[in-house]
Amino acid sequence: MGEDIIAAMKENVIQGRKTEEDEGIDEELTGPGVLELTKEALDKGISPQVIITEGLTAGMQVVGEKFSTKEYFIPDMLASAEAVGAAMDVLKPHLEASNVETKGKFAIATVQGDIHDIGKNIVSILLKGAGYEVHDLGIDVPTEKIVEFVREEKPQYLGLSALLTTTMVVMGNVIKALEESGLRDKVKVLIGGAAVSDEYASEIGADAYCVDGFDAVKVLDAYQ
Amino acid sequence: MPREGILVEKPYERMTREQVEQIHQASIEILSDPGLMSFNREAAEIFDGKGAEVTPVSPSDHPCWLVRIPEKVVIEALDSAPKTVKLGARNPENMLILDGEEPRVRFITGSETNIWLDVDFPTYVKKSDPATEIQVPEFHPRRGTVADLCKSAHVCEHLETVDGYIRTVNIQDRDITEENKDVNKYFASLNNNTKHFMSGLTSLKQLDNVVNMAKIIVGGEEELRENPIISFITCLVKSPLQFVEDTTDTFIEICRRGLPLVVSSSPQAGSTAPIKEAGIMAQINAEVLAGITLSQLVNKGTPVIYGSVPVRARMDTLGDSYGAVETSQYNVDCVQMARFYRIPNYSTAGVCDTKTPGQQASIERLFSDILVTLSGPQYLHCAYGLLDCNSVFCLLQAVLDDAHFQMIKFFLRPPRIDETEIAEVLKQIREVVTTPQKLYISYIRKVMRSGQLSPPYPFEGDGETDSVFKIAYDRMQELLEKPVEHIDKATTAKIFQEIPGLLPRLNVYEERR
């Protein structure tokens with residue numbers, strides 16, 4: 001019975017069905033989605049580790065393979081990641097109760113003066129789907145608020161997003177503020193956005209530049 | 001079900017109704033004054049017996065008659081010319097029904113070039129960094145052969161947008177002569193392609209052999225009438241305003257057999273037609289009307305197509321300039337004239353001036369491909385693989401052109417806007433604006449898999465290097481590997497038994513022994 005639920009969960013991750021109301025790629029597939037199946041699995045006493053490794057991660061692995069062979073595209077990847085992210089929200093208290101750590105805490109913000117958030121939102125969905133605990137601080141976030149969050153919540157990773165050449169300079173300000181607060185060595189800073197680059201990341205002292213959400217997953221996984 | 005092509009819901013027209021009528025009237029005037037010179041005795045006699053004023057011209061090196069055609073004769077011919085022309089195919093699903101009143105475009109190859117362009121991809125090493133290598137295409141022109149024609153027909157069978165096949169290359173093998181060229185070009189094309197096949201005829205003496213070959217393929221005379229798998233291009237009028245002797249003979253004989261044919265005129269604005277738009281339009285229209293009129297005088301009801309290949313002269317060489325913007329203007333105008341007469345139009349696009357594939361080729365051909373397609377010709381020829389005006393055919397370019405036409409066909413899909421769609425998108429908008437991420441991405445998937453989104457450009461590379469040619473070349477090789485739907489063994493044997501002049505090496509069943 002437990003195996004059936006896990007197999008259905010994996011299949012629904014592949015199909016990108018977060019809830020039973022969602023349509024997957026295969027229109028024949030109906031019934032509970034990843035969210036309902038996760039709750040059902042917990043009710044049946046299946047361990048969160050099994051749910052994550054054999055259901056969610058195994059499903060995402062297939063999604064990744066389909067993406068690399070161009071059978072799947074970004075909307076498919078995002079739908080699956082969103083489903084996994086929703087399951088991770090349900091699993092979070094159970095993981096904490098059983099002292100199981102997530103892949104890490106990741107805070108992300110569009111820096112002050114910039115209101116563009118499409119890229120940031122996609123990065124959030126993908127990282128959450130990849131098993132990170134994501135804290136989205138929003139858009140036009142003041143530098144002080146970002147520093148405060150790092151001090152209080154101690155994320156291992158901080159993602160800074162900016163679309164404009166006029167606002168990308170704020171990323172450097174955030175890094176300086178982290179240095180001045182003695183927090184710079186506590187957090188890896190990743191930057192992304194249309195105007196920035198590898199060179200710019202080096203110039204302002206960021207740890208990495210991520211070209212897109214998939215790159216962000218790769219970069220963070222490499223730190224594991 | 002015949003091939004659908006693509007319907008242009010609102011065809012692009014350059015001329016006002018008044019201008020169309022002015023061109024028509026000017027053409028009618030031209031046909032009666034100055035009229036046409038006929039170097040063909042029979043044509044002169046036919047016109048003479050049907051109300052035209054025909055007078056011998058002397059002195060002349062060749063017998064010649066001045067033919068003045070009154071308006072009434074032209075109008076009666078236009079009335080009797082069929083408004084719908086059926087072009088059959090070996091595979092009946094590839095049949096084309098051309099309706100002169102419906103701007104539904106079919107994309108056709110063309111058009112009998114002398115030169116075949118081979119492609120290869122030598123590797124170049126960067127001098128300053130020998131570890132860096134790139135592959136750059138090299139193009140090698142040579143005379144076309146019957147093997148090339150087979151290859152081209154085979155690939156065009158598999159190009160999705162190609163609706164019909166005009167032989168792309170002139171066969172110039174050592175064993176090809178004027179006496180056997182026609183049967184071999186028809187057989188090579190028909191044996192490697194199941195779409196409609198159209199061609200010019202090299203020798204009138206071969207007409208019956210070609211028609212008999214078609215009859216054997218479809219099963220008989222009546223079957224060929226029902227499914228005319230072959231048709232003919234005839235340039236019987238040489239610009240300006242001259243019925244040529246030999247092609248007019250061929251034209252008359254094809255009309256007598258009731259097979260579909262194109263009356264094609266190809267004046268060059270600046271040399272064989274006036275440089276002004278009004279002038280070339282009045283003249284080409286007169287030349288085509290003269291041909292259509294003759295077709296109906298020979299055999300009332302002959303399925304005839306209004307063929308237009310107008311082109312502007314280059315000012316530096318006085319050669320043709322298919323890349324000139326005016327060439328597209330003239331072609332669009334001709335489509336409008338044919339629609340005025342409700343006769344299907346054979347139009348021209350996609351030919352470029354440059355000699356090899358590349359940026360200029362892409363710009364010139366896509367420019368005319370889009371504009372002339374939008375005008376809604378029923379039969380758009382010359383569109384695949386032609387370079388250097390009409391001299392060179394490159395199979396790689398034909399593969400590239402297929403992608404252009406896929407994009408154009410997608411663009412011409414009618415808008416999907418109705419009450420159901422509006423209700424659905426309003427629901428989406430209301431839902432998405434309440435979510436934290438405010439993204440519509442989750443709604444893409446169903447649309448993406450329903451075929452409603454245009455596919456990416458098929459020859460896009462992964463990196464920053466332009467890999468278009470290499471990817472298209474690989475695609476071309478894939479197509480060449482696909483199976484060929486040859487004419488069956490028994491029919492092939494009958495054709496080789498009854499049709500003289502066929503090259504034994506074209507018999508794939510004999511070759512396989």
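Which residues of H4(B) are buried? In this predicted model, they are B:Val146, B:Asp148, B:Leu149, B:Cys150, B:Lys151, B:Ser152, B:Ala153, B:His154, B:Val155, B:Cys156 and B:Glu157. Because 11 of the 13 residues of H4(B) are buried, this helix is largely enclosed by the rest of the structure. Its buried residues pack against strand E8 (115–120), strand E12 (162–166), helix H5 (181–190), strand E25 (392–393), helix H12 (395–411) and H15 of chain B.

**Two helices**

In chain A, helix H5(A) is mostly covered, with 11 of its 12 residues buried. Among the buried residues of H5(A) are A:Gly119, A:Ile122, A:Val123, A:Ile125, A:Leu126 and A:Leu127. The buried residues of H5(A) also include A:Lys120 and A:Lys128. After H5(A) comes A:Gly131, which has a positive phi near 100 degrees. The table sets out the lengths of H5(A) and H4(B).

| Helix | Residues | Span between end C-alpha atoms | Expected span at 1.5 Å a residue |
|---|---|---|---|
| H5(A) | 12 residues | 17 Å | 16 Å |
| H4(B) | 13 residues | 19 Å | 18 Å |

For H5(A), the span is close to the expected value; for H4(B), the end-to-end distance agrees with the expected one.

**Domains and their contacts**

The domain assignment of chain A gives domain 1 (2–97) and domain 2 (105–222). The C-alpha centres of these two domains of chain A lie 27 Å apart. Their contact takes 9 residues from domain 1 of chain A and 6 residues from domain 2 of chain A. On the side of domain 1 of chain A that touches domain 2 of chain A, helix H3 (48–68) and H4 of chain A each supply at least two residues. The largest share of that side, 7 residues, is provided by H4(A). By residue class, that side of domain 1 of chain A divides into 6 nonpolar, 2 polar and 1 charged.

Chain B is divided into domain 1 (6–16 + 80–411) and domain 2 (419–449). The centres of these domains of chain B, taken over C-alpha atoms, are separated by 45 Å.

**Where the chains meet**

Between the chains, 10 residues of chain A are in contact with 9 residues of chain B. On the chain A side, helix H4 (74–97) and helix H5 (118–129) of chain A are the elements that give two or more residues. H4(A) gives the most to this side, with 4 residues. The residues of the chain A side that touches chain B divide into 6 nonpolar, 2 polar and 2 charged.

**Nonpolar cores**

In soluble globular proteins, nonpolar side chains tend to be buried together. The largest nonpolar core here has 136 residues, of which B:Phe187, B:Met213, B:Ala214, B:Ile292, B:Tyr306 and B:Leu396 touch the most other members. Helix H9 (residues 277–298) of chain B provides the largest share of this core, 11 residues. Leaving aside neighbours within four places in sequence, the contacts of B:Tyr306 include B:Val263, B:Val288, B:Ile292, B:Ala338 and B:Tyr346. A second, separate core of 66 residues includes A:Ile14, A:Val123, A:Leu158 and A:Ala206.

**A loop residue in chain B**

B:Ser467 is found in the loop between helix H14 (444–449) and helix H15 (468–481) of chain B. B:Ser467 counts as partly exposed because it has 17 C-beta neighbours inside 10 Å, and a residue needs 20 or more to be buried. The C-alpha atoms of B:Ser467 and B:Gln135 are separated by 9.0 Å, although these residues are 332 residues apart along the chain.

Key:
Residues numbered from 1 in each chain as written. Chains lettered and ligands numbered in written order. Predicted model: local features only at pLDDT ≥ 70, side-chain atom pairs only at ≥ 80, totals over all residues. Contact = placed C-beta atoms within 7 Å. Nonpolar A, V, L, I, M, F, W, Y, C, P; charged D, E, K, R; others polar. Domains from an automatic or database assignment. Expected span 1.5 Å × (residues − 1). Core = buried A, V, L, I, M, F, W, Y, C linked by C-beta atoms within 7 Å.
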